[in-house]
Amino acid sequence: MSRTTIELYRGDDEECTVRVFEKQNDNSIKPYDLSNVARLDLYAVSNDEPVIRLSSTTGDIDILDAKGGVILVKFRHEVTQGASWNNAGYDLQTISNSGKVKTVVRNGTIILGKDYTPSKIEN
């Protein structure tokens, strides 16, 4: 399991490459094998309210290297545009082809930086 901090800028399109590791019985770590994963879901909550919901089923998360445990998480600008929160907690779950659910990132944090550019610039 890992604790991961993602920093975003409010209203921007952002991508984040994540490598997921799995702790072994001997306390060593190895990349988490995503070969048997049917779905990945990332949920973020701020002040007990859901603020971000991303999924591989909607194209927001791609597996780049299944054996290496590497994924690409895409945050479209609409996800954070106009957001009033600054920090959110999140987790990332996998659902295997057989339906097994595994939380591979727990207690992650998303930090949302303030956007100073107005959404509409007057000429």
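What share of the contacts in the protein chain with a separation of 6 or more comes from residues 24 or more positions apart? The figure is 63%, so let's walk through this predicted model with that in mind. Start with the fold itself. The protein chain contains 1 helix and 10 strands, and the order along the sequence is β-β-β-β-β-β-β-β-α-β-β. In other words, eight β symbols come before the α in that pattern, and two come after it.

Next, the overall dimensions. The C-alpha trace spans about 60 × 25 × 20 Å along its principal axes. Of the 123 residues in the chain, 34% count as buried. The accessible surface comes to about 7,700 Å², and carbon and sulfur atoms own 43% of that. As for charge, there are 15 positive and 18 negative side chains, with the centres of the two sets 7 Å apart.

Now head inside. In soluble globular proteins, nonpolar side chains tend to be buried together. Here the largest nonpolar core has 27 residues, and the members that touch the most others are I52, F75, L92 and I110. Strand 1 (5-9), strand 2 (14-19), strand 5 (37-46), strand 6 (49-55), strand 8 (70-75), strand 9 (87-96) and strand 10 each give two or more residues to this core. I52 makes a handy place to stand and look around: setting aside neighbours within four places in sequence, I52 is in contact with L42, Y43, A44, F75, V79, W85 and I110. Two of the residues named above for touching the most other core members, F75 and I110, turn up among those partners.

Strand 10 deserves a stop of its own. It covers residues 101-113, and T103 lies in it. Is T103 buried or exposed? T103 counts as buried because its relative accessibility is 16%, and the cut-off for buried is under 20%. The T103 side chain also has a polar partner: a contact of 3.1 Å joins it to the side chain of Q93.

Further along strand 10 sits T109. With a relative accessible area of 29%, T109 is partly exposed. Beyond its neighbours within four places in sequence, T109 is in contact with T4, T5, I6, A88 and Y90. For a sense of scale, try the pair T109 and A38: they are 71 residues apart in sequence, and their C-alpha atoms are 25 Å apart in space.

Then there are the loops. Most residues other than glycine have a negative phi. Which way do N47 and D48 go? N47 has a positive phi of about 50° although it is not a glycine, and D48, also not a glycine, has a positive phi near 65°. N47 is found in the loop between strand 5 and strand 6, and D48 has its place in that loop too. N47 is exposed, with a relative accessible area of 73%, and D48 is likewise exposed at 73%.

One more loop residue rounds off the tour. D60 is found in the loop between strand 6 and strand 7 (61-65). Is this aspartate buried or exposed? D60 is buried, since its relative accessible area is 6%. Leaving aside neighbours within four places in sequence, D60 is in contact with R53, L54, S55, L72, V73, K74 and R76.

Definitions and conventions
Residues numbered from 1 in each chain as written. Predicted model: local features only at pLDDT ≥ 70, side-chain atom pairs only at ≥ 80, totals over all residues. Heavy atoms only, no water. Helix = DSSP H or I, 4+ residues; strand = E, 2+ residues; numbered from the N terminus. Buried < 20%, exposed > 50% of the residue type's maximum accessible area, 1.4 Å probe, protein only. Contact = heavy atoms within 4.5 Å. Areas by Shrake-Rupley, 256 points an atom, 1.4 Å probe, with all protein chains shown as cover. Lys, Arg positive; Asp, Glu negative; His and termini not counted. Charge placed at Lys NZ, Arg CZ, Asp CG, Glu CD. Polar contact = N/O pair within 3.5 Å; in protein donor to acceptor, adjacent residues only side chain to side chain. Core = buried A, V, L, I, M, F, W, Y, C linked by side-chain atoms within 4.5 Å.
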